[in-house]
Amino acid sequence: MHLRLTDEQKLVQQTIRKFVEKELMPLEYEVLKNEREGKPSVAPSKLKELQLKAKEFGFWGINTPSAYGGADLGQMMMAIILMETSKTFVPFQFGGSADNILYYGNEEQKKKYLIPTINGEKKSCFAMTEPSAGSDTRNIKMTAVRDGNAWVLNGEKTFITGGNEADFVMVIAITDKEMHQATKGREGVTCFIADRDMGWRSEYIHTMGEWGPASLIFENVRVPEENILGTVHKGYQLGLEWIGFARWIVGARAVGMAERLLQMAIDYAKERETFGKPIAERQAIQWMIADSAVEIEAAKWLVLNAAFTLDQGEDNRHLASMAKLYGANMGNRVVDRVLQIHGGMGYTRELPVERWYREARLWRIYDGTDEIQRMIISRNLMKGHVKMDQFI
Ligand SMILES: Cc1cc2nc3c(=O)[nH]c(=O)nc-3n(C[C@H](O)[C@H](O)[C@H](O)COP(=O)(O)OP(=O)(O)OC[C@H]3O[C@@H](n4cnc5c(N)ncnc54)[C@H](O)[C@@H]3O)c2cc1C
């Protein structure tokens, strides 16, 4: 067992760190300004330019298989990269990637949807949640009824990330009501790829964050048979498995943000004087800094373990839930302490702390709430699916 990054991993970490410091952080002021004026945080043309710059360093399709032109760096590298890119709130994503669920498609679907998404020509979103089915995903109501060689979809999805911008959606609908009831929602549900021009529409949802998800409305939307992703009636497992393996990503984001914020708090505490001394000399402040540092470190190891385990080809879902639950909560505690250390300034829009505060709150809700992660973790242990010392 070796608990240090390899030379290659360190090189990647340093390269991304420089990229973030040199190319992304200088945009932060503009991002805050644009968002306050209700404009897109970064112009799409600027994002494209940044993606091409990153490509010059070999960062294109960081987790895309080489057969599709990607760098295929694996989960550990992705964790290392995400922890660096999350040190800024500039909404940057490397080019050349697609939602992994699209790799379950057949050759024709890959040509039509996966490859254009990797190339940045099409945008996708994934829609499971409905007004009456969030945590309780088995309670979905959207139906798909076969009509000739097409399926007719009716219903509403809600809170769909990227739903306003997407050209197509991977959407989950009930295709066999009896099977759905008999299997308590596990089967009788299918995943369809539905293009926007097949007739669904989206409505923006305002949130406390700086971007909004969408409701997607389906009224008699005809989706051809060949647009079924995976196997008919087996869409539920497909969707949940895909989500379950990747939950640690939220923890990685939290680590990046928290490291940056903690450094801001340390710098500020050394400068800000009250009653004749820098606040850094007060135990109350020191303890907030110490607790934050310990929790960041703990979250980092949980994230790396979840990513490493998946790279070994093992089922990482238990660890991914732990990294998500702990990371999301750690992020919220740290941003709250950092805001407190900054006093009134922390609450203003002069600093990005309040923005991060609002963004981090989402992490405890989407991709499975805190309560659902706790349910998964305790169920795995109590049912013996996972042993306490199984991984280390
Ligand atoms: C900004 C944003 C983006 C999102 N993006 C997507 C997306 O791209 N695609 C998608 O499909 N969905 C997406 N979601 C939906 C998200 O996954 C759900 O909001 C989330 O799973 C919670 O569901 P809910 O909102 O219906 O809450 P509910 O399920 O109604 O839960 C309400 C509360 O009850 C708790 N609770 C529920 N069941 C239990 C239980 N058994 N025991 C204890 N407590 C329980 C919950 O933890 C929560 O605190 C997004 C949500 C948001 C806010």
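In this predicted model, an oxygen atom of the ligand is 2.9 Å from a polar backbone atom of Met128. The protein covers 62% of the 970 Å² of accessible area that the ligand has on its own. The points below begin with the ligand and its surroundings, then turn to Thr158, and end with two helices.

**The ligand and its shell**

- Besides the atom pair with Met128, a nitrogen atom of the ligand is 2.9 Å from a polar backbone atom of Phe126, and an oxygen atom of the ligand is 2.6 Å from an N or O atom in the side chain of Thr369.
- There are 18 residues around the ligand, and those that come nearest are Thr129, Ser135, Phe159, Thr369 and Glu371.
- Sorted by character, the residues of this shell comprise eleven that are nonpolar, five that are polar and two that are charged.
- At least two residues of the shell come from each of strand 1, strand 3 (150–160) and helix 13 (370–382).

**Thr158 in strand 3**

- Thr158 has its place in strand 3, an element that also supplies residues of the shell around the ligand.
- Thr158 has a relative accessible area of 9%, and because buried means under 20%, Thr158 counts as buried.
- When its neighbours within four places in sequence are left aside, Thr158 is in contact with Thr129, Glu130, Pro131, Ile205, Ala214 and Ser215.
- With Ser215, the contact includes a polar one between the two side chains, at 3.4 Å.

**Helix 2**

- In helix 2, which spans residues 28–36, the buried residues are Glu28, Val31, Leu32, Asn34 and Glu35.
- Seen down the axis of helix 2, these buried residues fall within an arc of 165 degrees, so they line one face of the helix.
- A general rule helps in reading such a pattern: an α-helix has 3.6 residues a turn, so residues three or four places apart point the same way.
- The buried residues of helix 2 pack against three other helices, namely helix 1 (7–24), helix 8 (248–271) and helix 12 (353–363).
- After helix 2 comes Gly38, which has a positive phi, near 75 degrees.

**Helix 7**

- Helix 7 runs over residues 235–245, and within it Gly235, Tyr236, Leu238, Gly239, Trp242, Ile243 and Gly244 are buried.
- The cover over these buried residues of helix 7 includes strand 1 (124–127), strand 4 (168–174), strand 5 (189–195) and strand 8 (228–229), together with helix 10 (317–341).
- Strand 1 therefore appears in two settings, since strand 1 is among the elements that cover helix 7 and also supplies at least two residues of the shell around the ligand.

Technical notes. Residues numbered from 1 in each chain as written. Predicted model: local features only at pLDDT ≥ 70, side-chain atom pairs only at ≥ 80, totals over all residues. Heavy atoms only, no water. Buried < 20%, exposed > 50% of the residue type's maximum accessible area, 1.4 Å probe, protein only. Helix = DSSP H or I, 4+ residues; strand = E, 2+ residues; numbered from the N terminus. Contact = heavy atoms within 4.5 Å. Arc of directions from axis to C-beta. Near = heavy atom within 4 Å. Polar contact = N/O pair within 3.5 Å; in protein donor to acceptor, adjacent residues only side chain to side chain. Areas by Shrake-Rupley, 256 points an atom, 1.4 Å probe, with all protein chains shown as cover. Nonpolar A, V, L, I, M, F, W, Y, C, P; charged D, E, K, R; others polar.
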